[in-house]
Amino acid sequence: MWTDESPMLPLQNGKTGHITLIDPDKQSPEVAANRALVAVECGTSAIFVGGSTNTGNDLVHATCQAIQEALELRIFAASQHPDANEEMWNVPVILFPGGAHAMSSSADGILFMMLMNSRSRRFLIEEQLAGAPLIDQYGIKPIPTGYIVCAPGGKVGEVGDADLIQSNDSKAVSAYCKTAEMYGFSTIYLEAGSGASKPVHIDLIQAAKTSSKCTLIVGGGIRTSEQLLAAANAGADYIVTGTITEEHDSLESLREQLHSLISVL
Ligand code: 1GP
């Protein structure tokens with residue numbers, strides 16, 4: 001359970017943090033919970049739940065619930081051992097919604113996103129209008145986020161009708177980030193698309209970092225320690241990985257990969 005009151009992700013004392021994205025469409029809630037536990041064990045700072053465009057509320061909710069229950073069990077188990085670190089299991093579960101249909105009252109927070117470079121009114125304001133009353137009703141914390149999709153963009157670029165930011169267009173990223181800050185958003189998410197062939201270009205990450213004081217999340221196509229470090233050194237406050245978590249049949253091999261990946265931060 002997340003008790004922090006501020007409308008942003010807690011920063012990691014100047015270090016870049018890692019976030020694990022779990023797409024409820026890609027495994028059962030039980031497997032999702034086990035994957036999330038392994039990720040937390042390896043040092044991930046938050047769990048994002050969402051991703052696919054058409055996943056319904058029921059599956060999103062069941063996945064959030066399973067993850068929260070698993071974390072609570074670990075917190076309880078740790079509280080019974082004087083040497084165990086109870087705090088390490090206290091990570092937020094945050095919705096990363098494809099739209100207003102992908103909600104859960106079991107989440108601690110939600111990236112309340114504007115897909116800033118969408119050409120579609122739906123992703124600029126309509127999904128938000130449909131989602132805001134539900135977020136209010138559920139009492140989950142909105143994290144106002146400027147979501148900016150960069151080339152190659154993948155499925156979210158297509159579905160979101162994004163006017164993709166090209167790798168040499170630092171000026172555009174800078175303008176979007178300043179706009180996000182002027183709107184009062186706490187957070188910016190630079191996205192290359194899930195499973196992208198290449199991550200967001202470091203020039204774009206640098207431009208985003210120097211253009212606003214918002215918390216900077218970077219994700220899409222990051223698979224190696226080198227890519228993770230490059231994004232961190234360019235100024236990412238948080239780096240999201242999703243696809244690599246879905247590629248492991250065994251929790252052991254997932255643990256091995258996530259451990260070697262996250263330990264470089
Ligand atoms: C997608 O940024 C996230 O929204 C994660 O991307 O699945 O490529 O790690 P990957």
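**View 1. Glycine 242 meets the ligand through its backbone: one of its backbone N or O atoms is 2.8 Å from a ligand oxygen atom.** That falls under the polar contact cut-off, a pair of N or O atoms within 3.5 Å. Taken alone, the ligand exposes 300 Å², and the protein buries 97% of that (Shrake-Rupley areas, 1.4 Å probe). Backbone N or O atoms also come up to ligand oxygens at glycine 195, at 2.6 Å, and at glycine 221, at 2.8 Å. This is a predicted model, where local features need pLDDT of at least 70 and side-chain atom pairs count only at 80 or more, while totals for chains, interfaces and linings use all residues. Residues are numbered from 1 along each chain as its sequence is written, and side-chain values use heavy atoms, with hydrogens and water left out.

**View 2. Here's the ligand's neighbourhood, 13 residues in total.** Being near means having a heavy atom within 4 Å. Among the closest are Glu191, Ser194 and Thr243.

**View 3. Phe48, Phe96, Tyr147 and Tyr189 make up one aromatic cluster.** Rings of Phe, Tyr and Trp (its six-membered ring) pair if their centres lie within 6.5 Å; planes under 30 degrees apart are stacked, over 60 edge-to-face, and the rest tilted. Searching the whole structure turns up six aromatic pairs. In one of them, phenylalanine 96 and tyrosine 147 sit edge-to-face, 5.7 Å centre to centre with 80° between the planes. Tyrosine 147 also pairs edge-to-face with tyrosine 189, at 5.1 Å and 80°. Tyrosine 189 counts as buried because its relative accessible area is 1% (buried is under 20%, exposed over 50%, partly exposed in between; 1.4 Å probe, protein chains only).

Key: A polar contact is a pair of N or O atoms within 3.5 Å; within protein, one must be able to donate a hydrogen and the other to accept it, and residues adjacent in sequence count only if both atoms are side-chain atoms.
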